[in-house]
Amino acid sequence: MIAEITRIRHKYLRHDKKFPHVWCPGCGIGIVLGSLIRAIDGLGLAKNDLVLASGIGCSGRLPAYVDFNTLHTTHGRALTFSTGIKLANPSLNVLTVMGDGDATAIGGNHFIHAARRNLNLTAIIINNQIYGMTGGQYSPTTPYGSNSTTSPYGHIEHAFSIADLAVTSGASYVARGTVYHVPALDKLISRGIEKEGFSVIEIMTNCHTQYGRRNEMSDPVTMMKWFKDHAVTTTRAKKMSPEELKGKFSIGVLTDIDKPSYTEEYQKIRDRAKGREVKS
Amino acid sequence: MKPTLLTGNGAAARGVRLAGIDYLPAFPITPQTEIIETLAQWIQAGEMDCRMVTMDSEHSMITAAGTAAATGVRVFTATSSQGLLYGMEMIYTVAGWRAPFVLVNVSRALSSPITLEPDHNDVLAARDSGFLQIHCSTCQEVLDAVLLAYRLGEDERVRLPVIVNLDGYYLSFTREPVLIPSRKEAARFLAPYDPGETHFRAGDPVSQGVAVLGGSQYSYFRYETHLASIQALSVFNEICREYEKITGRVYEAVEGYRTTDAEIVFFMLGSFATKAKDAVDHLRKTGLKVGLVRPRLFRPFPAQAIIRHLADKKGVAVVDQNLSQGKGGILHAELSSILYNEERRPCVLVSFIGGLGGRDISVEEFFEMARVTVQAAESGKTPAPRLLYTHEELARMRGLQSIAGNRSPGH
Ligand SMILES: Cc1ncc(C[n+]2csc(CCOP(=O)(O)OP(=O)(O)O)c2C)c(N)n1
Ligand code: SF4
Ligand SMILES: [Mg+2]
């Protein structure tokens, strides 16, 4: 087991250059990183064909630690960088890591349009319900009523559900996981990478430093316990009444549909223009 | 009066508090965030009667600041670097509305590569927008500049938004003794905002943001804004004298330090000028007649005052903490353009680029710049622009490149 962990670490992480990492002790982003490299290893993807782009934030630091093609971009714009890479070189596997602020505040427009176009990209959204890096200001996913440095009296805005937003915007694959339910998370990410079309994996993550401390969950364990107690699998959620579901959130696959991706459609036009036969 | 130890960010917040603002649209970004956090705490404690909203980006933040100002209230906002650039569309737009407010920019160098530390490319990107610009070199100046900025921008002869600039880290996070004016003093200098015709009022509707086609009306309004900016020069001098009467602190559009008998002068913006002063003092002890000229006001550009300060000098070392890619130092270009037609212009202008991305400029480097400038003045030959960069730095850089497996087109 230990040998296996070491093998994966040495294969995928810039273990001799970039560590120790910058995250707070117990931060959930490290767990996401672990899941991500296990998923990639399980799929047997070649490192050279992988690109990982990120925005800016605590989550945005993630590509610094992995040993494949990486791009640390600007706040909110990660998906547009990925779009350029994917359209110019469709054979690459392009993964995009974003924070909740990155993906749904300053970069919200890119997110819904990437989903609508159904670009063949994988978006991993690390939802810690706060702007972690800049000091705990509320984000579009900060729950109503909760405290942040910019909502000291309780937040008066209502939160986005990132996964629901992705579903209604047209993504082919949408899943939600948490850093407590790790084996399930490995699978959700793996399926998302495999999927043709735009796939979104929203990962509920503990930022005890900026979010938890202001909301009576000041350590990682309490936050993990909160995820454990409030997450319901999609299968179970189907059998529950709206009353029972109140205050809970569902985890698992929310959407997995087949529809032509932008990348495929674009290739068809190119083929047609060149007079080649179009595969249907 | 006893000074208080304040960071540059703290001093900015103090100034804003004294200005009695009504509205604060905000968005966090390092190294600015401390300003809005400090103001948020005062609002929370009931010490400031102000509305504050965190927006979803700087683009919406600057828009909200402009529209709020257009309704006739006193507005403040702050940002840095990528945030200022992200809001740039609105920087131009709101300047054209002639609705005054103050934006503090805490300078931080721009991507790429990504960094958190300062240079002036961010604020200089807003140079041509219509925003006025005041550049600070100490924490005291930051506090005072915020109050001056409101008076200046709100003056009916001006009516333009103002950027107050301070350097990230070197000022934003450095504590210096600051004299804080009393509420009374601040109020004597800065009366409640009288927006005049600038308001949104039920029963008196106005139409803003009207499209103009054909160029004629567009030219008219753009030139009007330019003239208002130029007008701000004399207004600035006027209000500085008033500020001096109340606080005893003397400000001018251009700071001259030991320039009267100087033969060689450093010309630069921002907090590194305090290091230049130190270098000037050292060099004076060796018998070299050196001085410093530092524009406080950068827009409008105080051309006449600069020309006066630099008249008959032998050489000027222009220290640009910015880089216009493919051209060189921005300050050097600005200075050259105002001196060209002057009979008493300095013999040589030598261009140095330094302090990019927060790189320090050491006192020794100021000595070297003075030496090169003296030599240029004596020989009459102006050397090529020079980046302040040591052999040790280059060796370290090469080391890092070899670890990374150097694939970049190196020189
Ligand atoms: C244009 C721009 N505005 C603001 C910032 C400052 N900034 C850096 S990270 C961040 C928010 C981070 O929140 P999130 O995306 O949720 O990531 P987290 O740190 O929580 O992982 C902000 C506002 C920036 N880098 N660029
Ligand atoms: S601030 Fe929050 S998100 Fe950032 S490293 Fe710390 S725990 Fe993680
Ligand atoms: Mg976040």
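Biologist: How many Å separate the centres of domain 1 of chain B and domain 2 of chain B?

Modeller: 27 Å, taken over C-alpha atoms. This is a predicted model, where local features need pLDDT of at least 70, side-chain atom pairs count only at pLDDT 80 or more, and totals for chains, interfaces and linings use all residues. Residues are numbered from 1 along each chain as its sequence is written, while chains are lettered from A and ligands numbered from 1 in the order in which they are written.

Biologist: Which residues make up each domain of chain B, and where do the bounds come from?

Modeller: Domain 1 takes 4-199 + 209-247, and domain 2 takes 254-394. The bounds come from an automatic or database domain assignment.

Biologist: What makes two residues of these domains a contact?

Modeller: Their C-beta atoms, placed from the backbone, must lie within 7 Å. By that rule, 25 residues of domain 1 of chain B are in contact with 21 residues of domain 2 of chain B.

Biologist: Which elements give two or more residues to the domain 1 side?

Modeller: They are α6 (121-124), β6 (132-135) and α9 (216-247) of chain B. The largest share, 5 residues, is from α9(B). Helices (H or I, at least four residues) and strands (E, at least two) are DSSP runs, numbered from the N terminus.

Biologist: What makes a set of residues a nonpolar core?

Modeller: The members are buried Ala, Val, Leu, Ile, Met, Phe, Trp, Tyr and Cys residues, joined through C-beta atoms within 7 Å. Buried means 20 or more other C-beta atoms within 10 Å of a residue's own; exposed means 12 or fewer, partly exposed lies in between, and C-beta atoms are placed from the backbone. The largest core here has 122 residues. B:Val142 is one of those with the most contacts inside it. Helix α7 (residues 139-154) of chain B gives this core the most, 10 residues. Domain 1 and domain 2 of chain B each supply at least three residues.

Biologist: Which residues does B:Val142 touch, leaving aside neighbours within four places in sequence?

Modeller: Among them are B:Gly8, B:Ala11, B:Cys136, B:Val164 and B:Leu171. Another core lies apart from the largest one, with 64 residues, including A:Leu33 and A:Cys207.

Biologist: How many residues are around ligand 1, and what makes a residue count as near?

Modeller: There are 23. Each has its C-beta atom, placed from the backbone, within 6 Å of the ligand. A:Gly57 and A:His75 are among those that come nearest. Ligand 1 lies between chains A and B. Its shell draws at least two residues each from α4 (100-106) of chain A and α4 (81-86) of chain B.

Biologist: How do you know which class the residues around ligand 2 belong to?

Modeller: Ala, Val, Leu, Ile, Met, Phe, Trp, Tyr, Cys and Pro count as nonpolar, Asp, Glu, Lys and Arg as charged, and the others, Gly among them, as polar. The shell around ligand 2 divides into 7 nonpolar, 5 polar and no charged. A:Trp23, A:Cys24 and A:His208 are among its residues. The shell around ligand 1 has 9 nonpolar, 11 polar and 3 charged residues.

Biologist: Why is chain B called as compact as a globular protein of that length?

Modeller: Chain B has 14 helices and 15 strands. Its radius of gyration is 22 Å, close to the 22 Å that the globule rule gives for 411 residues, so the label fits. The radius is taken over C-alpha atoms, and the rule is 2.2 Å times the number of residues to the power 0.38. Buried residues make up 50% of the 411.
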